[in-house]
Amino acid sequence: MVLRVAAMAFAAVGASWIHRVNDPGVLCPLRALTGIPCPMCGSTTVFIELGAGRPVHAALANPVALTGAIAVALAPLGPGGRWWALQPKTRAWMLGTALVGSELWQLVRFGVLRV
């Protein structure tokens, strides 16, 4: 567990540093081609903001990706077992709902959808 969290922290700080030194621009192929964000848009930004010590900005970039990163880090402590104990249909429903919610979040975040 400690190694997993340390590796994630190292990756986040590294992504933040690389982004600060050389901004690669839009990484999402769908957004680059159409201007419409995908449900996972902002995932890189989550790690960049975490690596820069800005957790609120990370949460605003993509709450689903942040929740997923936390779940991966905590999985060995028990949540992973509980996740796999769920019925496959329940897991699919939960993931689908999270992706739809994430897409709506991104559409609002990028101004494609007005609320």
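**Entry 1: terms and overall make-up.** I take a helix to be a DSSP run of H or I with at least four residues, numbered from the N terminus. The model I looked at is predicted. I looked up the place of Ser43 and found it in helix H3. For the chain I found seven helices and zero strands. Read from the N terminus on, the elements run α-α-α-α-α-α-α. I noted that the C-alpha atoms fill a box of roughly 40 × 35 × 25 Å along the principal axes. The chain has 115 residues, of which 21% are buried. I also looked up contacts with a separation of 6 or more, and 59% of these join residues 24 or more positions apart.

**Entry 2: helix H3.** I went through H3, which covers residues 43–51, and listed Ser43, Val46, Ile48 and Glu49 as buried. What do the buried residues of H3 pack against? I found helix H1 (2–21), helix H4 (55–61) and helix H5 (63–74). After H3 comes Gly53, and I recorded its phi as positive, near 80°.

**Entry 3: Ser43.** Is Ser43 buried or exposed? Its relative accessibility is 17%, so I count Ser43 as buried, the cut-off being under 20%. Leaving out residues up to four places away in sequence, I found Ser43 touching Asn62 and Ala65.

**Entry 4: Val46 and the core.** I looked up the largest nonpolar core and found five residues in it: Val46, Ala58, Ala61, Ala65 and Leu66. The elements that give two or more residues to this core are H4 and H5. I then listed the neighbours of Val46, again without residues up to four places away in sequence. Val46 touches Ala58, Ala61, Asn62, Ala65 and Leu66. Asn62 and Ala65 are also on my list for Ser43.

**Entry 5: H1 against H3.** Two packed helices are described by the angle between their axes and the distance between the axes. For H1 and H3 I noted axes that come within 7 Å and cross at roughly 95°. I therefore put H1 down as roughly perpendicular to H3, a class that runs from 65 to 115 degrees. By class, I counted six nonpolar, three polar and no charged residues in the contact of H1 with H3. Which residues of H1 and H3 meet? From H1, I listed Ala12, Val13, Ala15, Ser16 and His19. From H3, I listed Phe47, Ile48, Leu50 and Gly51. Ile48 is among the residues I had noted as buried in H3.

**Entry 6: Glu49 and Arg54.** How many salt bridges does a search of the whole structure find? My search gave one. Side chains of opposite charge can pair when their charged atoms come close. Here Glu49 pairs with Arg54, and I read 2.5 Å between the closest N and O atoms. Glu49 has 13% relative accessibility, so I count Glu49 as buried. Arg54 has a relative accessible area of 38%, so I enter Arg54 as partly exposed.

**Entry 7: Leu104.** I located Leu104 in helix H7, which covers residues 88–109. Its relative accessible area is 45%, so I wrote Leu104 down as partly exposed. The cut-offs behind that entry are under 20% for buried and over 50% for exposed. How far apart are Leu104 and Pro39, in sequence and in space? I noted 65 residues in sequence and 7.8 Å in space, C-alpha to C-alpha.

Conventions
Residues numbered from 1 in each chain as written. Predicted model: local features only at pLDDT ≥ 70, side-chain atom pairs only at ≥ 80, totals over all residues. Heavy atoms only, no water. Buried < 20%, exposed > 50% of the residue type's maximum accessible area, 1.4 Å probe, protein only. Contact = heavy atoms within 4.5 Å. Core = buried A, V, L, I, M, F, W, Y, C linked by side-chain atoms within 4.5 Å. Axes fitted to C-alpha atoms, helices over the stretch in contact; angles between N-to-C directions. Parallel < 35°, antiparallel > 145°, perpendicular 65-115°, else oblique. Nonpolar A, V, L, I, M, F, W, Y, C, P; charged D, E, K, R; others polar. Salt bridge = Lys/Arg side-chain N within 4 Å of Asp/Glu carboxyl O.
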